[in-house]
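Welcome! Here is a short tour of a protein and its ligand, for anyone meeting them for the first time. Have a look at the structure, then read on.

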Amino acid sequence: MSRKPSVLITGASGEIGHALISRLAKANGDRPIVTLDLNPLPPESVALVRQAVTGSILDSALLDGILAQYEVDRVYHLAALLSTRSEFSPALAHKVNVEGTLNMLEFAQKQGESHGRPVSFFYPSSVAAFGLPSLAVKTKSGKVKEDEFNVPTTMYGANKLYCEHLGRYYSRHYKQLAAETQSGKVDFRCIRFPGLISAETVPSGGTSDYAPEMIHAAAEGKPYACFVRPDTRIPFMAMPDAVDAIFRLMDAPRTKLTRTIYNIGAFAPSAAEIVAVVRSAFPKAEITTKVDEKRQGIVDSWPADVDDSAARSDWGHQPAYDFASAFGEYLIPSIKKRYAGG
Ligand code: AKB
């Protein structure tokens, strides 16, 4: 049984989890990493962690077992149902995304009480927390700030926005009227991510998935029908920069943080610009457009870009990749290699 300070990652088999585990394993020294996911962890990640628990964040007995066995002082709570998937099963999405997050915040609070130190808690929110009322407003608004347009139109977006508030509550106001309160035990830090594009993994159940799906399909020589209009624009980021941002935020001194929730961005291409760059790398790519009006409506409610000046000044957010280098130096070479079996 280990009582060393440990890290817990939920949703570890997902896209961010995959990238985060390999970075954490390098940076962490001998600090045990425990993972929790409904799906088994891929073998390459299993080798990097102390224990890979297969199970649900809704299973309190399972969480109590982890609590008893490890001294967790850092939680990366990545488990969630993404935006498209959530619209098909809104009640389930609420259960996983909201009740699951509440369970993990309780877990962190109890861990903090048991070892006496605050538990750092990373929460990935999303551009889905925004809801712009029309395309005209979207175009006019350009880069939106964290506190603007907080009226999401999706279950997933509403879940993310509410959980941002829950995290703020646990870190600043938890049981404020109770005499025995042990407040300040959860050090909640949150990034609102744009669409993420990884060379290693393909997302599932999201609405920003058209960009990663398009490039992976082209590399595999499969036709792809893009489900949004060519003029559709939202912010995106290459996965290594997303993981880098998590590290920077989690390593920042608390005193430097002027907010609980931070926007981050890197580049904001239209779907047509993504198609053009994918076609120039894969001239035989068969990419067509077949608009799914419902998914289009969701993407149209997300901002064309985000104002991430707070993240840049508070904790040095500085993406390494812009649109050209994300594709030219990261995605295209790595994806070509991956599908060539190299
Ligand atoms: C989704 O499309 O649901 C996610 C997101 C933008 O949070 N990729």
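Which helices and strands each supply at least two residues of the lining of the largest pocket? They are α1 (15-27), β2 (33-37), α4 (83-88), α5 (90-115), β5 (119-126), α7 (155-172) and β8 (195-197). Please keep in mind that this is a predicted model. The largest pocket is a good place to begin, as the ligand takes up space there.

**The largest pocket**

- This pocket holds about 1,100 Å³ of space.
- Its lining is made up of 44 residues, and those closest to the pocket's centre are Gly14, Leu78, Ala80, Leu82 and Ser204.
- Sorted by class, the lining has 22 nonpolar, 17 polar and five charged residues.

**The ligand and its surroundings**

- Around the ligand you will find Leu82, Ser83, Ser126, Tyr156, Gly206, Thr207, Ser208 and Trp302.
- Leu82 thus turns up twice on our tour: among the residues closest to the centre of the largest pocket, and again in the shell around the ligand.
- That shell counts five polar and three nonpolar residues, with no charged ones.

**Polar contacts with the ligand**

- Ser83 brings a polar side-chain atom to 2.5 Å from an oxygen atom of the ligand.
- Thr207 takes part through its backbone, where a polar atom is 2.6 Å from an oxygen atom of the ligand.
- For Tyr156, an N or O atom in the side chain is 2.7 Å from an oxygen atom of the ligand.
- How much of the ligand's accessible area does the protein cover? On its own the ligand has 250 Å² of such area, and the protein covers 90% of that.

**The second largest pocket**

- Now for the second largest pocket, which has a volume of about 230 Å³.
- Its lining consists of His18, Ala19, Ser22, Arg23, Lys26, Ser198, Glu200, Met239, Pro240, Val243 and Tyr330.
- Two helices, α1 and α9 (239-251), each supply at least two of these lining residues.
- Which element gives the largest share of this lining? That is α1, with five residues.
- Helix α1 is therefore worth finding in the viewer, since this helix also supplies at least two residues of the lining of the largest pocket.
- By class, the lining of the second largest pocket splits into five nonpolar, three polar and three charged residues.

Definitions and conventions:
Residues are numbered from 1 along each chain as its sequence is written. This is a predicted model: local features need pLDDT of at least 70, side-chain atom pairs count only at pLDDT 80 or more; totals for chains, interfaces and linings use all residues. Side-chain values use heavy atoms; hydrogens and water are left out. A residue is near a molecule or strand if one of its heavy atoms lies within 4 Å of it. A polar contact is a pair of N or O atoms within 3.5 Å; within protein, one must be able to donate a hydrogen and the other to accept it, and residues adjacent in sequence count only if both atoms are side-chain atoms. Accessible areas come from the Shrake-Rupley method with a 1.4 Å probe; for residues, only the protein chains shown count as cover. On a 1 Å grid over the protein atoms alone, a cavity is a set of points where a 1.4 Å probe fits but cannot get out, and a pocket is an open set with protein on both sides within 12 Å along at least five of seven lines; lining residues have an atom within 4 Å of a point. A molecule sits in a cavity or pocket if more than half of its atoms lie within 2 Å of its grid points. Ala, Val, Leu, Ile, Met, Phe, Trp, Tyr, Cys and Pro count as nonpolar, Asp, Glu, Lys and Arg as charged, and the others, Gly among them, as polar. Grid points are joined across faces, edges and corners, and a volume is the space filled by probe spheres set on the points. Helices (H or I, at least four residues) and strands (E, at least two) are DSSP runs, numbered from the N terminus.
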